[in-house]
There are 4 protein chains.
Amino acid sequence: MDEVTGAQLIAEALKSQNVEYMFGIVGVPIIEVAMAAQAAGIKYVGMRNEQAVEACRLYSKFSARPSSLEMIPAVVEKAVRSSIYGRPGATYIDIAGDMVNAKIDRASVRFVSCCPAPPVSQADSREITQAVRLLRAAQRPLIIIGKGAAYARAEKEVRELVEVTGIPFLPTPMGKGVLSDDHPNCVAAARSRALLQADVIVLLGARLNWILHFGFPPRFSPHVKIIQVDLCAEELSNNVRAASALLGDIGAVVRQLLETVRSWRFPSDSQWWLTLKEKMTANAQISKSLALQSTLPMNYYTAFHHISELLPKDCIIVSEGANTMDIGRTMLLNYLPRHRLDAGTFGTMGVGPGFAIAAAVLEQTQKSAQRVVCIEGDSAFGFSGMEVETMCRYKLPIIIIVINNNGIYSGVDPKTWKEMEKMGDMTTIAPPVTLLPEAQYEQVMSAFGGRGYLVRTVEELRSALQESLDNTQMPSLLNVLIDPASDLFNYLQASRISTYFGAI
Amino acid sequence: MDEVTGAQLIAEALKSQNVEYMFGIVGVPIIEVAMAAQAAGIKYVGMRNEQAVEACRLYSKFSARPSSLEMIPAVVEKAVRSSIYGRPGATYIDIAGDMVNAKIDRASVRFVSCCPAPPVSQADSREITQAVRLLRAAQRPLIIIGKGAAYARAEKEVRELVEVTGIPFLPTPMGKGVLSDDHPNCVAAARSRALLQADVIVLLGARLNWILHFGFPPRFSPHVKIIQVDLCAEELSNNVRAASALLGDIGAVVRQLLETVRSWRFPSDSQWWLTLKEKMTANAQISKSLALQSTLPMNYYTAFHHISELLPKDCIIVSEGANTMDIGRTMLLNYLPRHRLDAGTFGTMGVGPGFAIAAAVLEQTQKSAQRVVCIEGDSAFGFSGMEVETMCRYKLPIIIIVINNNGIYSGVDPKTWKEMEKMGDMTTIAPPVTLLPEAQYEQVMSAFGGRGYLVRTVEELRSALQESLDNTQMPSLLNVLIDPASDLFNYLQASRISTYFGAI
Amino acid sequence: MDEVTGAQLIAEALKSQNVEYMFGIVGVPIIEVAMAAQAAGIKYVGMRNEQAVEACRLYSKFSARPSSLEMIPAVVEKAVRSSIYGRPGATYIDIAGDMVNAKIDRASVRFVSCCPAPPVSQADSREITQAVRLLRAAQRPLIIIGKGAAYARAEKEVRELVEVTGIPFLPTPMGKGVLSDDHPNCVAAARSRALLQADVIVLLGARLNWILHFGFPPRFSPHVKIIQVDLCAEELSNNVRAASALLGDIGAVVRQLLETVRSWRFPSDSQWWLTLKEKMTANAQISKSLALQSTLPMNYYTAFHHISELLPKDCIIVSEGANTMDIGRTMLLNYLPRHRLDAGTFGTMGVGPGFAIAAAVLEQTQKSAQRVVCIEGDSAFGFSGMEVETMCRYKLPIIIIVINNNGIYSGVDPKTWKEMEKMGDMTTIAPPVTLLPEAQYEQVMSAFGGRGYLVRTVEELRSALQESLDNTQMPSLLNVLIDPASDLFNYLQASRISTYFGAI
Amino acid sequence: MDEVTGAQLIAEALKSQNVEYMFGIVGVPIIEVAMAAQAAGIKYVGMRNEQAVEACRLYSKFSARPSSLEMIPAVVEKAVRSSIYGRPGATYIDIAGDMVNAKIDRASVRFVSCCPAPPVSQADSREITQAVRLLRAAQRPLIIIGKGAAYARAEKEVRELVEVTGIPFLPTPMGKGVLSDDHPNCVAAARSRALLQADVIVLLGARLNWILHFGFPPRFSPHVKIIQVDLCAEELSNNVRAASALLGDIGAVVRQLLETVRSWRFPSDSQWWLTLKEKMTANAQISKSLALQSTLPMNYYTAFHHISELLPKDCIIVSEGANTMDIGRTMLLNYLPRHRLDAGTFGTMGVGPGFAIAAAVLEQTQKSAQRVVCIEGDSAFGFSGMEVETMCRYKLPIIIIVINNNGIYSGVDPKTWKEMEKMGDMTTIAPPVTLLPEAQYEQVMSAFGGRGYLVRTVEELRSALQESLDNTQMPSLLNVLIDPASDLFNYLQASRISTYFGAI
């Protein structure tokens, strides 16, 4: 009799499904599973806290609890297949602790081979005709490229659609890079105007959620016509009724559109392009003037401007925080698809370091020279900051840039802080949004052998970032002190969003 | 200020989404919602127990709790749209009791118009080519028609596929009627052989779940190639890896197949057709000999044989129970699509009368002459039997046929029962599967003004059924006493299934 | 090796904990458990629907899922002990289906003996002193006897407290019978005045929930002082702050009170007794005049008056419904403790027949001559009416009295109904509260061999009830047609309660 | 109209219930609640991660969702009262985000005053008699003091019981300090023998859970008689049937025992005392010899020995980790009740810093000179290490001692680590239990202005700890490098426990 343990079955089933990496927190009884995974050829990365992965549990597409060891491979296959078929998402398997060390005869197990690549579908041809009719009639057309286009690996098709039709485009945060942010048709610098004035919008794998203001006035025209492309039927017409609902794989549907649209082209000398370019120029000037302010502490725009100048085009940008993520998104360009990881739709804090570690382990395995840059608000960094030990342990050359404004949304400067301290008990005085001024987060990195930099000036920023980019052996952390002056704009926006989430 | 209550908003939002019927159990605070629904032009059917609808809660595709009255129309639209887009399913809205009577200004509500018809997609053309290649090479091809084909209203396309290619087909329980059960290509009477020997199976909107033995040996060939057509990506390759995975709307995909398969035709004089026909003839003889047994009490086959002869071809058949549902499925033919409602995938007991009432209310509204026949095991009838009062209250001319074997899986005859009673306390003696012998369920119907029939003989059965069919004013119940002799076959099969459900 | 199955382990573990009865719905895989239970000497009662027991799941004190067969006896002991220790309540064990037929060596199981009787505690003596001080100073004292006193079997102590101190008392619905409702100190007939004017209330195992109007004004004095006796610490000071909080077993704490209160006695010629007696006399006259109305259909009071006259003092009364339960509670006296089962705190409909069956099986086993009378509203009866088959199957001589007002809260008379039918589609016309007028529920009983009576007059009521009481072999059902005229008082009250439940 | 917001109502309701501190993570919409809390006079402590408080959600005694602003004070009172009455525990209130900024008229709110102190009960006197009878007959009696005795503030009564009867005692981890660990009757140094050989055990507010090996052989005598004192009825006889079950407040019940036991005294020259003292002497020698080993890196015993010598007797010890918590518990004495916080029954990692901050904020408010010492395993520290910023922000002079063995259960030394790194990809080579060797956790403290110490030798340990104790202005962190040599003993023990948890 050839006995296998539950831990071995889990590991072998994952391996059979081509799972290459396992991330975990050891403890009883995870050790056995982690060791079995390594024995089966899966790379194991030990993390310090489950913050970065806990989100999986709540929003899983599939969850199951195998009732016997025999069922483990089948359940694992279902979980893996469910996670990659249809709209991608997390899945969850709950395996009772005493199954891990239990044993059975290998012959009694039904083994399952790796699931095939996800199936692909196309839109109905009548809807395609309708979409092209709308597009041709548009005065102010706009393409919005969402993360669905990135997941679908549809960059070639999307580029062809943009370049053949000459329509301006906007990426969503996670859609950045499907086409390069410096593509001539990218109108991100005139985002608000583009959203507001567009009369026909092609939505490619982007959801009309809070990131796109739900597609509602006053941020969108009440008369806008949406051509929506999505692989998830339930997403179509969500929040705004689609004028053309194209259900299918983004790449395949865009190919259908291209075949139908033929050689039609939206004129580059149209009023629409003029108004967008005018706004882009104006915004670029504002942004540039903010970026070139020489007062200290730096503002967000100055910091991001210089970071942007130095980052290699092929780097992977991970980002979380409030202002940090929002402003960073506009200032840091993406040039390649799937090279950006934001905190995402739910704004869960603490995911950044975990995402960065995952990306860096992958780059390390593939012996790619691409760098992972993790840009964190100081409050966000507090959630999972101890993961820098993980980065050092595995010598992952991640560059963490903490944009430090001494607080959440806004903090206070050291002098004000000291004065508040004199007034009495800080638990009654310190505004709830404040953190310790000028906290030296860079030392959290140096504590574990990585390189830490305290950055106050543009020169320090450029020099520290260049050194970090040159260092391919170890992670670095730049603690960039910026002006903590109050910026509650983002908070107010977030407050409205939360009201909506409460409803849905 | 134009005030509306929560109840009104719920009712109007449902009406906006073209919801025509509401089924409920009144009590606090449902009364107000029901009255508002009637005021808004929705028909309200008051039920006696929530058994028939409770299943909705557990497996809903979408669930939400509006946080304010303003959100109700948007949440209702999302719930309705989610229920009909993609794979159809129940959705769930939880509205706090005190919202129902709360009031707001109508002007503050965001009203939402009716969601469009569900979007449709097609399969990838390379997969279509692959499917047709497999089909042309098949020695023993089989088409399985599932409920997905019925929901997709793809009967025209499916019929053309069957008739153009000449391939034999099998319906699943809820797929019965997409093509008529008496279609010459229907091989339901050789179901086991067809499943076991087929080398290529076209699965049209059918899941490889317990009803199809998961597609596993020994019920299927281990070498069978599955051409799977489904609108749900996650369903593809579930349990058995698809040799061709066709993601899309059943009708649209079948049209793609037809365009590619052209005039190829599987020969009607093939060995495969010969072996299937031979088996069908043999099975028909067995079934006929069972059906023609003249001993009393009747057996299942006799009862169903005569019922089958009298039922009009356009009637709607609702069915639940163990043996009753299984044997009834083979004996009672369906001729039209969407004219059958089984207890379904999870075998939830108690749903039959609720399904029958819903179908009958619809027929009544449409002034259709189609009849609803609800065939229940005696145990199953116990779960929701009091709903006959609802049928009588609304004068719904449903015909309930209770196939009464005095128990669950099997019971005992009155004489044996009386002897057991003499032996002492029945709580210690009566087998858990037994019910009261010869319980007169027909009187539960006559109690409320419907017509009840106690049926022991073929003559009584035919006469009672004919009378019931002639009576279009009120419901009827036929209590058909059959042989309670032990038939544990179905139990043993169910037992194996439960093991699998435990796992997944 | 001595093998046992999971089913056997479950049955034996229950038997070890002195569980004598099992109630179930057979189906896969309950049959094996039911058969094993009978083999182990547990009486098994097969029910028709799980309505009556489903409530267990939601509010269980303890729930567990044994991870292996070895743990079953320990988990069963924990569940049984948790259900009877502290405040009694349901517990829930979830056993995976495939465990039922799995087998293990009996030697590997840790068997657990029956848990001891529940522990008992006493109140702090300083709180007792405080309580007695409050009591002695009271001008208008009142004792409220709750179901906690019944569960604690404290009838002897409570009677002594009432009789020694001469204080008036009120029972809660489930506290009825701890002292006889005809005890001279019972002021139930002046309930509203007693609650409103009392200045000191001794609350014996009763919760200040909706049944007692939460103890809030305007139903209670805002200055009332509560002496609260409860075995559940968390219940003390709930909704109203207790002036004296006596934590402990009701019997033990009442003994402590008696030891301290000594021979003090509240004067029977006090103003408080005068005002209560005056109100009782007035209410008795109103109630009597309602009861003696001779118009037909009868009203609630007439029906209950005559039922009350015939019922034996030792019968067990089960009740559910809206008006039926509320009015019945005041009109039907209880003379013995633990002889009343109401739908209870949450007003769950459908529990009546299940409660009645459980009580009757117990009486049958104990060969007691006590009768079980189940008084149901017509709507309530619809939830579990099919359980009459269970009553007939086990020959349980339960008397069901359906108080039939053709609806929920109120219905319409047959003539009005017929007129509405002429107006068109009843789904748009029939008020949601209406049921079929004069539905003949008695035939649901006669269908299974029990005795059914349609009752319109006082004479029919008395004769049918007397016959039913004389029949000790089979169940009976009296369908008592009463005036369906609208009585929405109870609905409005329920509506307010629901608002509170929404909050808590 | 006097308007209040939801945030204000929450804050005022908490203040009314004498809640003095709020711990939170700001973000939308917590900011408003935190600011309202400060305005109401509640001290607010902003944390970095919700790890330390997330456990509250899962195991709450009470949870509610107010359906309207009016209900907030009542729900808050219920939550606070439920958390402190009966067995103390967390409670949970879920308030919809949009309620926080909603406004209502203050006059419409029902305000609720502070709930009274928890009620107290006593045991039944017959059970007391039985307990004393068992105690007098005991040959090898033992008192186990659990955290229930600490929560009940029963230290005076427990001390009297121990000193009057002369019985040896053992504290549980959280019961340490109820009596001083250096009390002559404390037999913690002979724990295993005391548990195994005791014939009568008085269990004072301690559960027979995994920490006490469930009371099962081979760790306990199969014939041991348990005298169990607990305020929670459901806990009595759990896992082992109590020979005497004393339900009530620990202090009150111990007073009852003292009144009954009178002047009886267990002889100090008994065989039982001799055998315990012999074992204590032997264990002390082993422990001393381990503690005095001079090899480097230090072992656990050496580190704890010197820490123990320097810690003031009134310090508050917080502890989490595997070996660190287990060995620390035996080596670090507690002298005062409620001066120890362990990771607790469920072994949740990451709670230490949160517990320490809560204790230190309390000490700071009370201007007590008592110090908080937080002893953490290096893996445990990774879960919430970023909370050192919180300690620095509020200048809480907590002393964190990280017992650093380079891993979980065990790690590897730097030299071995370097050799492993040469072998290739560490994700495939590093054992899952290892962390970065000699990680400089002390710098995580110095990063925020606290004092960090890297400690390798006894001298460094003593000097760093003394300096830290002298520093009352800021927190310190001692990173104590100890021998990473494998110690899997604790893992194996934990593994067995997990099996049990799986079951219950």
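**Chains B and C, and a helix pair**

Okay, let's start with symmetry: chain B lands on chain C after a rotation of 180 degrees with 0.0 Å of shift along the axis, at an RMSD of 0.1 Å. That superposition is least squares on C-alpha atoms of residues with pLDDT of at least 70 in both copies, pLDDT being the predictor's per-residue confidence, from 0 to 100. So the two copies are related as by a two-fold rotation axis. In chain B, the C-alpha nearest that axis belongs to Val444(B), 2.4 Å away. Both copies use the same surface, with 100% of chain B's contact residues recurring in chain C; contact means C-beta atoms, placed from the backbone, within 7 Å.

This is a predicted model, where local features need pLDDT of at least 70, side-chain atom pairs count only at 80 or more, and totals for chains, interfaces and linings use all residues. Residues are numbered from 1 along each chain as its sequence is written, while chains are lettered from A and ligands numbered from 1 in the order written.

On confidence, ipTM and pTM are both 0.93. Chain A averages a pLDDT of 91, with 93% of residues scoring at least 70. Over residues 488–504 of chain A, though, pLDDT is below 50, and that stretch has 28 contacts in the model beyond near neighbours in sequence.

Now, which residues of H1(B) meet H4(B)? They include Leu9(B), Ile10(B) and Ala13(B), and on the H4(B) side Val76(B) is one of the partners.

Definitions and conventions:
Two residues are in contact if their C-beta atoms, placed from the backbone, lie within 7 Å. Helices (H or I, at least four residues) and strands (E, at least two) are DSSP runs, numbered from the N terminus.
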